[in-house]
Amino acid sequence: MSHAEHQRAAQLLRDLEQANSQLLQSEKLASIGQLAAGVAHEINNPIGYVFSNLKTLADYVRDLLEIVDASDRVTCLEELQALKKQLDYGYIREDVRALISESEEGIERVKSIITALKDFSHIDEEDFVAADLHRGLETTLSLVNNELKYKAEVVKEYGELPAVECLPSQINQVALNLLTNAVQAIDGRGRIVIRTGCDTERAWFEIEDTGHGIPAEHRERLFEPFFTTKPVGEGTGLGLALSWSIVQKHGGHIDVSSDPDQGSRFRVWLPIHQPRAPQPEPESDPR
């Protein structure tokens, strides 16, 4: 190969790597859009009934203030008691407690979603840190609850896990992609099982579904960019490619077990400890 051909080949390789990076980034953005829609739905529900409760509470406060103000102008206790009966004070007293309790629960739900979102996406992280994989899975489940709750029963079979050195937001992205695929593979209503475990050097988590499964001829191509078994317009074919890239970056791998009409199981293996870069030897004293 001539020098010019070698340069063209090197440039082509760089262009392909850049294109691959841009495509994977587009998949991340698509996932973020999908995630945002789910989070908006999850937040909208509690905010909706908190807003409704506030309107009811405003009416109650108006009636209660009317009773308080009346205490300054009534000439006898019977008049005040009649007003309280007219405004249904007994019912207001009980319902106010229920409305406040329900509203507190709604705000706590919103707070938990916001916390999960913050845990899920540490976009600036660059260094591997020791992380709790179970917390990451719970965070991801909280964010995709809107998609899961109508399609599948979620069963957790967690083992004992040590802290795993990883980029938590990226591993959360892998879990998100696998959970989303599991939901989309289920026709009607099904079951998703999330398991975890480890050996002496590696930890793993897996997502198993009762969906339609993957034909044998497709399993070898699952992690190829743009390969998808979904109908046109329903998948980019980049979700599993991105997951594979992230797991490889961590020094791990993904095992797939699936048969048509028998569901699928994706197991993600991750090293518990990342290899340490060799430390430079101290310079010898020239004296």
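Colleague: Where is Asp261 found, and why does Asp261 count as exposed?

Modeller: Asp261 is found in the loop between strand 6 (253–258) and strand 7 (264–271). This is a predicted model, and in it Asp261 has 64% relative accessibility. Exposed means over 50%, so Asp261 earns the word.

Colleague: What is the phi of Asp261?

Modeller: Phi of Asp261 is near 65 degrees, a positive value in a residue other than glycine. Asp88 also has a positive phi, near 60 degrees, and is likewise not a glycine. Asp88 sits in the loop between helix 2 (77–86) and helix 3 (89–120).

Colleague: What makes Asp88 partly exposed?

Modeller: The relative accessible area of Asp88 is 43%. Partly exposed covers the range between under 20% and over 50%, so that is where Asp88 belongs.

Colleague: Now to strand 5. How do you know that Glu208 is partly exposed, and what does Glu208 touch?

Modeller: Glu208, in strand 5 (residues 202–209), has 26% relative accessibility. Buried would need a value under 20%, so Glu208 counts as partly exposed. Not counting residues up to four places away in sequence, Glu208 touches Arg191, Ile192, Val193, Arg195, Ser264 and Arg265. Ser258 is 50 residues from Glu208 in sequence, with 9.3 Å between their C-alpha atoms.

Colleague: And why is Asn53 called buried?

Modeller: Asn53 has 5% relative accessibility, and the limit for buried is under 20%, so the label fits. Asn53 is part of helix 1 (residues 3–70). Leaving aside neighbours within four places in sequence, Asn53 is in contact with Leu99, Glu102 and Ser103.

Colleague: Let's turn to helix 6. How do you know that the span of helix 6 agrees with its number of residues?

Modeller: Helix 6 (residues 168–185) has 18 residues, and at 1.5 Å a residue these should span 26 Å. The end C-alpha atoms of helix 6 are 26 Å apart, so the two values agree.

Colleague: Why do you describe helix 6 as largely enclosed by the rest of the structure?

Modeller: Because 16 of the 18 residues of helix 6 are buried. For the protein, buried residues make up 38% of the 287 residues.

Colleague: What makes helix 4 oblique to helix 6?

Modeller: The axes of helix 4 (residues 133–143) and helix 6 cross at roughly 50 degrees and come within 9 Å. That angle is neither under 35 degrees nor in the range 65 to 115, so helix 4 is oblique to helix 6. The crossing is right-handed. On the helix 4 side, Leu133, Gly136, Leu137, Thr140 and Leu141 take part, and they meet Ile171, Asn172, Ala175, Leu176 and Leu179 in helix 6.

Colleague: How do helix 6 and helix 8 pack?

Modeller: Their axes are 9 Å apart, at an angle of about 145 degrees, and the crossing is left-handed. Residues of helix 6 that meet helix 8 include Gln170, Val174 and Asn181; among their partners in helix 8 are Leu240, Ser243 and Val247.

Colleague: Which residues of helix 8 are buried, and what phi does Gly251 take?

Modeller: In helix 8 (residues 239–249), the buried residues are Gly239, Leu240, Ala241, Leu242, Ser243, Ile246 and Val247. Just after helix 8, Gly251 takes a positive phi of about 80 degrees.

Conventions: Residues numbered from 1 in each chain as written. Predicted model: local features only at pLDDT ≥ 70, side-chain atom pairs only at ≥ 80, totals over all residues. Heavy atoms only, no water. Helix = DSSP H or I, 4+ residues; strand = E, 2+ residues; numbered from the N terminus. Expected span 1.5 Å × (residues − 1). Buried < 20%, exposed > 50% of the residue type's maximum accessible area, 1.4 Å probe, protein only. Axes fitted to C-alpha atoms, helices over the stretch in contact; angles between N-to-C directions. Parallel < 35°, antiparallel > 145°, perpendicular 65-115°, else oblique. Left-handed = near helix turned anticlockwise from the far one by under 90°. Contact = heavy atoms within 4.5 Å.
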